[in-house]
Every structure is written in C-alpha cells, then in structure tokens.
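Subject: Handover of a structure and notes on its features

Dear colleague,

Please find below the structure that I am passing on to you. My notes follow directly after it, arranged by topic.

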Amino acid sequence: MDPEVTLLLQCPPGGLSQEQVGVELSPAHDRRPLPGGDKSITAIWETRLQTQPWLFDASKFRLHSATLAPIGSPGPRLLLHLGLTSYRDFLGTNWASSASWLQQQGAADWGDKQAYLADPLGVGAALATADNFFVFLRRSQQVAEAPGLVDVPGGHPEPQVNLPLITLSQPMMLGIARNKTSAGRPSAEFYVQCSLTSEKVRSYYLSGGPEAHESTGIIFVDAQSMQRLQETEMWAELCPSAKGAILLYSQVQGSPT
C-alpha cells in the first residue's frame, strides 16, 4: 500500500448505490475542542489569509466513523456517522504542524486519535467516459491542498468538470480512503459513468465552470491502464485522495469497463 493513503472502508464488489447508504448527523460526531482552546486555529487561518487571500471558510461534513452492515440486515448497508466542521478548522488541525501531537492527544484523552481533527469528508470519483477513458484534473497552484498535483474530479458533492448531470450515471460508492499527508483526512470515493466521449468531456471542461480556477488542465487515462497506474510515473503525480480512488476502483469495481 502507498504510504500516503490507507483504505478505511471498502464497499462490497460493484459498490453501493445511494439507496444503500445512510447518514446519521449528530453534534456528538463533531470535533472535540482543542486542549487549551481553539485560538491556534484562528491564528493559523489568519496567517493563511495573509499569503492566500482568496481562501474562504465554509461548512463541511465531518466523518466520525462508518459502519458496514452484514448482508441481509435491515436498513442501509453502510451508515456514515457525520458531524459538522469547517474549512478553517481543517487547515488549523489536519494541516497544522501540531497534527501528529493532536492525534496522540486524541488517542490519550478520548481513545480516538482523530478526536481533535476536523476530518472533513471529501468526495472523489473514478469518472469513466463513453469511450473508456478515465478523467483526471491537474490541480491549480492556488488551492491550499495538494497544489499542482493530479486528482480525480470531486472535492465537494458537486461536479468540477462542468458536465451536465444528465450525462452522469448514479454514483456507486467504492469506499473511504484516508489521506495520511493531512493527518488522515477522509474521502468517500465513487464510480461514475459518463455518456459523453473523452473529447466531449474535454470540450465541456474547457468551457469553464464555477470552480474552473481550482484546476489547470484535464487528463485522460485509458481504462486498461487504470489497473497498472501504480506502476507508472504518473502515480507519483497523484494526490493521495486520487490514489485512494484508484485503489478502491481496482478492488471494488474489478476489471475495467
């Protein structure tokens, strides 16, 4: 396994549909206040804004845990236990220089090394085109996390490639990966099929969209190469969440379409 990523949860073969995944949202799943208070989070945020004034805070869902039920159990197969957090808290905990110490303190104080971390739940997709290519994006140098690296489409629950929703299949959840370079920040990874060819997808991407500034280019990888991507030079250019998406796709979705 790549040292930058671990797989927290792997869905059954083929993945899980929206109807098979449930959510429990509770304040009990929020981040614990830092020992001594959250002043350090405010200080980190203000320092960031001085060098990256385009950053803005926003609410995020925090992943506390996930429960995969046995086959035949009533209710959803997968239950996500979520709280609320923010982008500011993410930069002030998961990306703080004290993140490792916070994990040690969380384990000592609460029996949970992630207890003091924001752990916002990211979203990524292994997006396949009609002509059997997978879509990747080159991240902008202006983003706070993994600038300049290659990622799968995602980040939030809205599409970043500017594709009409009618061209996208229902997402199938593959599992959850943790980014070890950001103190275990979790990301839910999905498999999505697009009814458009790679050239059509490129055209839509180049036409721009509300998050066009977050990426600088689009890359296509043929489906057969996806199974061997870890053996290529491109693997070193991938951000950890993208590596998680590819590893989960290979294990859950099986052979390429």
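In what order do the three strands of the open sheet lie, and what is their pairing? The order is 2-4-3, and the pairing is mixed. Please bear in mind throughout that this is a predicted model.

**The open sheet**

Strand 2 (21-25) and strand 3 stand at the edges of this sheet; each has a single partner strand, so one side of each is left without a neighbour in the sheet. On average, neighbouring strands here are turned by 35 degrees against each other, direction ignored.

The mixed character of the sheet can be followed pair by pair. Strand 2 and strand 4 run parallel and are joined by five bridges; within this pair, Val 21 has Leu 78 of strand 4 as its bridge partner. Strand 3 pairs with strand 4 (residues 78-86) in the antiparallel sense, over nine bridges. In that pairing Ala 66 stands opposite Leu 80, and Phe 61 has Leu 84 as its bridge partner. Strand 4 is mostly covered, with seven of its nine residues buried.

Phe 61, which belongs to strand 3 (residues 59-68), also appears at the surface. Its relative accessibility is 45%, so Phe 61 counts as partly exposed. Together with Val 23, Leu 25 and Leu 84, Phe 61 makes a nonpolar surface patch of about 400 Å². Phe 61 and Leu 84 are thus bridge partners as well as members of one patch.

**Salt bridges**

Side chains of opposite charge can pair when their charged atoms come close. The count for this model comes to nine salt bridges, and three of the pairs are described here.

Arg 31 forms a salt bridge with Asp 89, with 3.0 Å between the closest N and O atoms. Arg 31 lies in the loop between strand 2 and helix 1 (39-51), whereas Asp 89 lies in helix 2 (residues 87-93), so the pair ties together parts that are 58 residues apart in sequence. Arg 31 counts as buried because its relative accessibility is 13%, under the 20% cut-off. Asp 89 likewise counts as buried, at 10% relative accessibility. Both residues belong to a network of salt bridges that links Arg 31, Asp 38, Arg 88 and Asp 89.

Arg 178 forms a salt bridge with Asp 119, and here the closest N and O atoms are 3.4 Å apart. Arg 178 lies in strand 8 and Asp 119 in the loop between helix 3 (99-110) and strand 5, so this pair ties together parts that are 59 residues apart in sequence. Arg 178 and Asp 119 are both buried.

Asp 151 and Arg 139 also meet through their side chains in a salt bridge (3.4 Å, N to O). This pair links distant parts of the chain, with Asp 151 in strand 7 (residues 150-151) and Arg 139 in strand 6, twelve residues apart. Asp 151 counts as buried at 9% relative accessibility, and Arg 139 counts as buried at 18%.

**Surroundings of Arg 139 and Gly 175**

Which residues does Arg 139 touch, not counting residues up to four places away in sequence? Its contacts are Glu 145, Ala 146, Pro 147, Gly 148, Leu 149, Asp 151, Glu 214, Ser 215, Thr 216 and Cys 239. Asp 151 in this list is also the salt-bridge partner of Arg 139.

Gly 175 is found in strand 8 (residues 172-179) and is buried, with a relative accessible area of 0%. Not counting residues up to four places away in sequence, Gly 175 touches Leu 9, Gln 10, Cys 11, Ser 187, Ala 188, Glu 189 and Leu 248. Gly 175 and Ser 187 are twelve residues apart in sequence, and their C-alpha atoms are 8.5 Å apart in space.

**Backbone points to note**

Most residues other than glycine have a negative phi. Asn 132, although not a glycine, has a positive phi of about 65 degrees. Asn 132 is found in the loop between strand 5 (122-128) and strand 6, and counts as partly exposed at 31% relative accessibility. Ala 183 is not a glycine either, and has a positive phi of about 55 degrees. Ala 183 sits in the loop between strand 8 and strand 9 (185-193) and counts as buried at 10% relative accessibility.

With kind regards

Technical notes. Residues are numbered from 1 along each chain as its sequence is written. This is a predicted model: local features need pLDDT of at least 70, side-chain atom pairs count only at pLDDT 80 or more; totals for chains, interfaces and linings use all residues. Side-chain values use heavy atoms; hydrogens and water are left out. Patches are made of residues with over 30% relative accessible area and no salt bridge: like charges are joined within 9 Å, nonpolar side chains (Val, Leu, Ile, Met, Phe, Trp, Tyr) within 5 Å. Accessible areas come from the Shrake-Rupley method with a 1.4 Å probe; for residues, only the protein chains shown count as cover. A salt bridge is a side-chain nitrogen of Lys or Arg within 4 Å of a carboxyl oxygen of Asp or Glu. Helices (H or I, at least four residues) and strands (E, at least two) are DSSP runs, numbered from the N terminus. Buried means under 20% relative accessible area, exposed over 50%, partly exposed in between (1.4 Å probe, protein chains only). Contact means heavy atoms within 4.5 Å. Two strands pair if DSSP finds at least two bridges between them. Axes are lines fitted to C-alpha atoms, for helices over the stretch in contact, and angles run from 0 to 180 degrees between N-to-C directions.
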